[in-house]
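Colleague: Please take me closely through one helix, from its approach to its buried face. Then place it in the rest of the chain.

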Amino acid sequence: MTTFHLAVVTAGITQPSSTRLLADRLTEATVRALTAAAPAGGGSGAGAGGPVEVVVEVVDVRDVAHDLTNNVLTGFASPDLQVRIDTITEADAVVVATPVYAASYSGLFKMLVDVLPKDALRDTPVLLGATGGTARHSLAIDHALRPLFAHLGALVAPVAVFAASEDWGSVEAGRLGERIDRAGRAFAALVNGSPRVAHVDPFDDVTPFASMLSDLRA
């Protein structure tokens with residue numbers, strides 16, 4: 001059985017949060033699609049070589065808001081924040097959901113992105129989600145979120161989901177569910193066709209100082 005690690009980043013401010021709800025539903029749709037995919041013998045995606053066990057780890061940015069501020073000011077991550085950073089950087093794929101303020105992602109969400117190591121999300125499949133009070137903010141996904149993750153080198157899923165206030169608890173809720181399911185299926189297809197390239201730690205293969213000295217004496 002293949003173990004697939006999915007990190008879910010949600011930047012909702014309130015509790016309960018529609019942003020967290022959207023993140024949860026995108027995650028459920030993705031997990032369903034990944035586990036339902038037929039094993040591709042000899043392939044290299046999430047479903048290659050047998051059944052898939054999806055391990056989901058949620059990073060609620062609200063929980064480390066103060067730690068993020070301190071990290072930005074000092075350059076050092078607290079143990080709690082470091083755990084969350086490691087969760088994101090070590091994941092095989094990432095689902096993100098942020099509220100939209102002033103036609104862009106939240107400042108708290110951007111702070112988290114700012115403290116991620118360089119190239120942490122390079123070649124990582126990312127599914128985008130956003131929430132807002134009105135559908136007029138839906139373009140924030142294309143003019144703010146997509147360019148951000150393209151700059152980070154992530155493999156951004158072509159299908160994203162924006163949920164406005166009217167999408168919840170109305171006749172539009174069914175259409176929102178359909179859009180979420182479609183996004184999950186498309187993301188699973190992207191993940192299965194795009195295996196994660198392992199990050200290389202430049203300090204993994206360092207010549208010991210003693211060896212360098214012996215070379216100089218030779």
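Modeller: Contact here means heavy atoms within 4.5 Å. On that basis, residues 24 or more positions apart account for 79% of the contacts in the protein with a separation of 6 or more. The model is predicted, so local features need pLDDT of at least 70 and side-chain atom pairs count only at pLDDT 80 or more, while totals for chains, interfaces and linings use all residues. Residues are numbered from 1 along each chain as its sequence is written, and side-chain values use heavy atoms, with hydrogens and water left out.

The setting comes next. The protein has seven helices and seven strands; these are DSSP runs numbered from the N terminus, H or I of at least four residues for helices and E of at least two for strands. From the N terminus on, the order is β-α-β-α-α-β-β-α-β-α-β-β-α-α. Of the 218 residues, 42% count as buried. Buried means under 20% relative accessible area, exposed means over 50%, and partly exposed lies in between (1.4 Å probe, protein chains only).

Now the helix, α1. Start with the approach. P16 sits in the loop between β1 (2-10) and α1. The peptide bond that joins Q15 to P16 is cis, with omega at about -5°. Then comes the start of α1: a side-chain oxygen of S17 comes within 3.1 Å of the backbone nitrogen of T19. That is a polar contact, a pair of N or O atoms within 3.5 Å; within protein, one must be able to donate a hydrogen and the other to accept it, and residues adjacent in sequence count only if both atoms are side-chain atoms.

α1 itself covers residues 18-36, which is 19 residues. From first C-alpha to last it reaches 27 Å, close to the 27 Å expected at 1.5 Å a residue. The expected span is 1.5 Å times one less than the number of residues.

Its buried residues are T19, L22, A23, L26, T27, A29, T30, A33 and L34. Seen down the axis of α1, they fall within an arc of 165°, so they line one face of the helix. The arc is taken over the directions from the helix axis to the C-beta atoms.

A33 shows what one of these residues meets. It lies in α1 and has a relative accessibility of 15%, so A33 counts as buried. Leaving out residues up to four places away in sequence, A33 touches G184, R185 and A188. The C-alpha atoms of A33 and D181 are 8.5 Å apart, yet 148 residues separate the two along the chain. R182 lies in helix α6 (residues 172-193). R182 has 52% relative accessibility and therefore counts as exposed. Its C-alpha is 7.7 Å from that of V159, 23 residues away along the chain.

Elsewhere, T87 is another buried threonine to look at. It belongs to helix α3 (residues 79-89). Its relative accessible area is 13%, so T87 is buried. A polar atom of its side chain lies 2.9 Å from the backbone oxygen of V83. Beyond its neighbours within four places in sequence, T87 is in contact with A7, E57 and V59.

A helix pair follows. Helix α4 (residues 107-115) and helix α5 (residues 140-151) pack at about 5°, with their axes 12 Å apart. That makes α4 roughly parallel to α5. Axes are lines fitted to C-alpha atoms, for helices over the stretch in contact, and angles run from 0 to 180 degrees between N-to-C directions. Under 35 degrees is roughly parallel, over 145 roughly antiparallel, 65 to 115 roughly perpendicular, and the rest oblique. F109, K110 and V113 of α4 make the contact with L145, L148 and F149 of α5.

H143 is in α5 too. It is partly exposed, at 47% relative accessibility. A polar atom of the H143 side chain lies 3.3 Å from the backbone oxygen of A103. Their C-alpha atoms are 9.0 Å apart, with the two positions 40 residues apart along the chain.

A103 has a notable backbone: phi is near 65°, a positive value in a residue other than glycine. It sits in the loop between β3 (93-101) and β4 (104-105) and is partly exposed at 32%. D119 also has a positive phi, about 65°, although it is not a glycine. Its place is the loop between α4 and β5 (125-132). At 33% relative accessibility, D119 counts as partly exposed.
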